[in-house]
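Notebook open, structure loaded. I want to jot down what I look up as I go, strand pairing to begin with and side chains after that.

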Amino acid sequence: VQLQASGGGLVQPGGSLRLSCAASGSIRSINVMGWYRQAPGKQRELVAAITSGGSANYLDSVKGRFTISRENAKNTVYLQMNSLKPEDTAVYYCNADAIRWGRDTPYNYWGQGTQVTVSS
């Protein structure tokens, strides 16, 4: 299973970005998909996660500004980031708990990071 993330970049404070992450491979199902971020010198933290049924949870500092969504048929998760702040600057990683065909146990997979820089 591979996760391919895209959509990062440089944006001014108050701006918006949309991250996408598509999972591919021998995927039977994906329960939770999410986005984490890691800023220099800090631990990786969960930004937002969403179940296959659409239930989402968010890091307190991004509530009201970020929206996570997914297209189950495409095994794709999105993160719409609005009103970006300099403190949102980090490498963002997508993550998925996927069950492969022929298996019954979910495994946790990570995508490559995508840099988000919020600066004037």
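Started with a cross-strand pair: Ile 68 stands opposite Leu 79, the latter in β8. This is a predicted model, so I read everything below as computed from it. I then checked how β7 and β8 are joined: six bridges, with the two strands running antiparallel. β8 covers residues 76–81.

Next I pulled up the sheet around that pair. Four strands make an open sheet, ordered β1-β3-β8-β7, with antiparallel pairing. Which strands stand at the edges? They are β1 (2–6) and β7 (66–71); each has a single partner strand, so one side of each has no neighbour in the sheet. I also looked up the twist, which averages 15 degrees from one strand to the next. Reminder to self: strands of a sheet pair through backbone hydrogen bonds, whether parallel or antiparallel.

**Thr 76**

Stayed in β8 and clicked on Thr 76, which lies in that strand. Buried or exposed? Thr 76 counts as buried, because its relative accessibility is 9% and the limit for buried is under 20%. Its side chain reaches the backbone oxygen of Lys 74 at 2.8 Å. Leaving aside residues up to four places away in sequence, I listed what Thr 76 touches: Cys 21, Ala 22, Met 33, Ser 69, Arg 70 and Glu 71.

**Positive phi**

Looked for odd backbone angles, since most residues other than glycine have a negative phi. Asn 75 is not a glycine, yet has a positive phi of about 50 degrees. I found Asn 75 in the loop between β7 and β8. Ser 83 is another non-glycine with a positive phi of about 50 degrees, and sits in the loop between β8 and β9. I noted Ser 83 as partly exposed, at a relative accessible area of 41%.

**Aromatics**

Ran the ring search over the whole structure and got two aromatic pairs. One I wrote down in full: Tyr 93 with Trp 110, edge-to-face, 6.5 Å centre to centre and 85 degrees between the planes. Tyr 93 belongs to β9 (residues 90–100) and Trp 110 to β10 (residues 107–110), so this pair ties together parts 17 residues apart in sequence. I checked accessibility for each ring residue. Tyr 93 counts as buried at 17%, whereas Trp 110 counts as partly exposed at 39%. Which residues form the aromatic cluster? Tyr 36, Tyr 93 and Trp 110 do.

While on rings, I looked for charges over them. The charged end of Arg 44 sits over the ring of Trp 110, 4.7 Å from its centre. Back in the sheet strands, I found the charged end of Arg 18 over the ring of Tyr 78, 4.1 Å from the ring centre.

**Ala 90**

Last stop was Ala 90, placed in β9. Ala 90 is buried, with a relative accessible area of 2%. Its contacts, again without residues up to four places away in sequence, are Arg 37, Gln 38, Ala 39, Thr 114, Gln 115 and Val 116. I also took one C-alpha to C-alpha distance: Ala 90 and Gly 8 are 9.9 Å apart in space and 82 residues apart in sequence.

How values were computed
Residues are numbered from 1 along each chain as its sequence is written. This is a predicted model: local features need pLDDT of at least 70, side-chain atom pairs count only at pLDDT 80 or more; totals for chains, interfaces and linings use all residues. Side-chain values use heavy atoms; hydrogens and water are left out. Two strands pair if DSSP finds at least two bridges between them. Axes are lines fitted to C-alpha atoms, for helices over the stretch in contact, and angles run from 0 to 180 degrees between N-to-C directions. Rings of Phe, Tyr and Trp (its six-membered ring) pair if their centres lie within 6.5 Å; planes under 30 degrees apart count as stacked, over 60 as edge-to-face and the rest as tilted. Buried means under 20% relative accessible area, exposed over 50%, partly exposed in between (1.4 Å probe, protein chains only). A charge sits over a ring if NZ of Lys or CZ of Arg is within 6 Å of the ring centre and within 35 degrees of the ring normal. A polar contact is a pair of N or O atoms within 3.5 Å; within protein, one must be able to donate a hydrogen and the other to accept it, and residues adjacent in sequence count only if both atoms are side-chain atoms. Contact means heavy atoms within 4.5 Å.
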